[in-house]
Amino acid sequence: MTISSSSNHSPLAPTLAALLLVCAAGGAALYLGTMGFAVVSTEDARRLAVLRQPLATANVAIHAPQAERLAAMLRDDGRVTIVSFVYSSCNTVCSVLGSEYQQLQEQIRRRGLAHQIRLLSISFDPRDTPDLLTAYARRQQADPAVWRMAGIDQDAERQALLDAFGVVVLKSPDGEFEHNAAFHLIDRQGQLVRIMDFDDPAAALNQAILLAGGKP
């Protein structure tokens with residue numbers, strides 16, 4: 001029996017073609033979503049985006065403890081700043097950050113870097129008044145020449161700054177907060193240029209020294 005050539009077309013061919021199109025579209029979406037396959041997570045994407053394109057710091061109203069504007073304060077100071085986001089009543093990750101900042105403060109003073117590098121802890125808790133942050137600074141043994149605390153006055157500005165820095169804050173039923181943590185490096189011009197792991201303060205300090213024009 002002779003089989004005509006028209007019967008050689010498999011019914012699977014249209015299905016296979018559609019599958020290939022779906023895979024291609026999915027691959028394109030993954031390529032864009034991972035910034036060229038360079039990252040595979042939101043956190044890595046955030047860090048890579050800042051590394052590629054420094055972010056100007058929002059000029060939000062802060063109290064530190066006096067009223068100031070954040071971007072102007074960072075820019076006018078002229079030092080590289082290592083920023084973290086905390087709240088004064090936190091007993092979990094903020095305690096770790098506090099200990100690490102104490103170590104960083106000691107390193108900055110011991111190595112004579114206070115004229116080049118400073119530390120800034122910004123509270124995202126609206127309950128952190130200037131008096132509470134002053135008391136928090138005393139508990140942390142913060143030297144105001146090296147390490148300052150700041151609160152943000154307006155809810156909308158606070159959220160805008162958190163969004164810009166990629167900090168996620170969730171309020172828990174007990175009134176406390178769950179939040180991610182990192183070291184945010186601000187250059188002399190007041191731009192966010194690097195986001196680094198909060199459990200590696202030595203690496204953050206070395207990067208800050210490089211930004212300040214020195215050698216680690």
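Biologist: Hi! How do strand 2 and strand 6 pair, parallel or antiparallel?
Modeller: Strand 2 (residues 61-63) and strand 6 pair in the antiparallel sense, over 2 bridges. Keep in mind that this is a predicted model.

Biologist: Noted. Which residue stands opposite G151 in strand 6?
Modeller: That would be H63.

Biologist: And strand 5, how does that run next to strand 6, parallel or antiparallel?
Modeller: Strand 5 (residues 117-123) and strand 6 run parallel, joined by 5 bridges. As an example of the register, L120 has R148 in strand 6 as its bridge partner.

Biologist: What does the chain pass through on its way from strand 5 to strand 6?
Modeller: The chain goes through helix 5 (residues 130-139), making a β-α-β crossover that is right-handed.

Biologist: How many residues of strand 6 are buried?
Modeller: Strand 6 covers residues 147-152, and 6 of the 6 are buried, so the strand is largely enclosed by the rest of the structure.

Biologist: Which ones sit on each side?
Modeller: W147, M149 and G151 are on one side, while R148, A150 and I152 are on the other. Both faces are covered, and that includes R148, the partner of L120.

Biologist: Let's move to helix 6. Which residues are buried there?
Modeller: In helix 6 (residues 155-165), the buried ones are R158, L161, L162 and F165. Looking down the helix axis, these buried residues fall within an arc of 100 degrees, so they line one face.

Biologist: Why would residues with that kind of spacing share a face?
Modeller: An α-helix has 3.6 residues a turn, so residues three or four places apart point the same way.

Biologist: What is on the face turned away from the buried side of helix 6?
Modeller: That face carries the exposed residues A156 and D163. Just after helix 6 comes G166, with a positive phi of about 75 degrees.

Biologist: What about helix 4, how far apart are its end C-alpha atoms?
Modeller: They are 26 Å apart. Helix 4 (residues 93-110) has 18 residues, which should span 26 Å at 1.5 Å a residue, so the two values agree.

Biologist: And which residues of helix 4 are buried?
Modeller: V93, C94, L97, G98, E100, Y101, L104, Q105 and I108 are. G112, just after helix 4, takes a positive phi of about 65 degrees.

Biologist: New topic: H184. Where is it, and is it buried or exposed?
Modeller: H184 lies in strand 9 (residues 183-186). H184 is buried, with a relative accessible area of 2%.

Biologist: What does the side chain of H184 reach?
Modeller: The side chain of H184 reaches the backbone oxygen of A182 at 3.5 Å. Leaving aside residues up to four places away in sequence, H184 also touches R46, T81, I82, V83, F85, F165, V167, L192, R194 and I195. Among them is F165, one of the buried residues of helix 6.

Biologist: How do the side chains of strand 9 point?
Modeller: F183 and L185 point one way, H184 and I186 the other way, and all are buried.

Biologist: Which strands is strand 9 joined to?
Modeller: Strand 4 (residues 80-86) runs antiparallel to strand 9, with 3 bridges joining them. In that pairing V83 stands opposite H184. Strand 10 (residues 191-196) also runs antiparallel to strand 9, with 4 bridges, and M196 in strand 10 is the bridge partner of F183.

Biologist: How many residues lie between strand 9 and strand 10?
Modeller: There are 4 residues between them in this hairpin, and G190 in the turn has a positive phi of about 85 degrees.

How values were computed
Residues numbered from 1 in each chain as written. Predicted model: local features only at pLDDT ≥ 70, side-chain atom pairs only at ≥ 80, totals over all residues. Heavy atoms only, no water. Buried < 20%, exposed > 50% of the residue type's maximum accessible area, 1.4 Å probe, protein only. Pairing = 2+ DSSP bridges. Right-handed = clockwise from strand over helix to strand, strands pointing away. Polar contact = N/O pair within 3.5 Å; in protein donor to acceptor, adjacent residues only side chain to side chain. Contact = heavy atoms within 4.5 Å. Arc of directions from axis to C-beta. Expected span 1.5 Å × (residues − 1).
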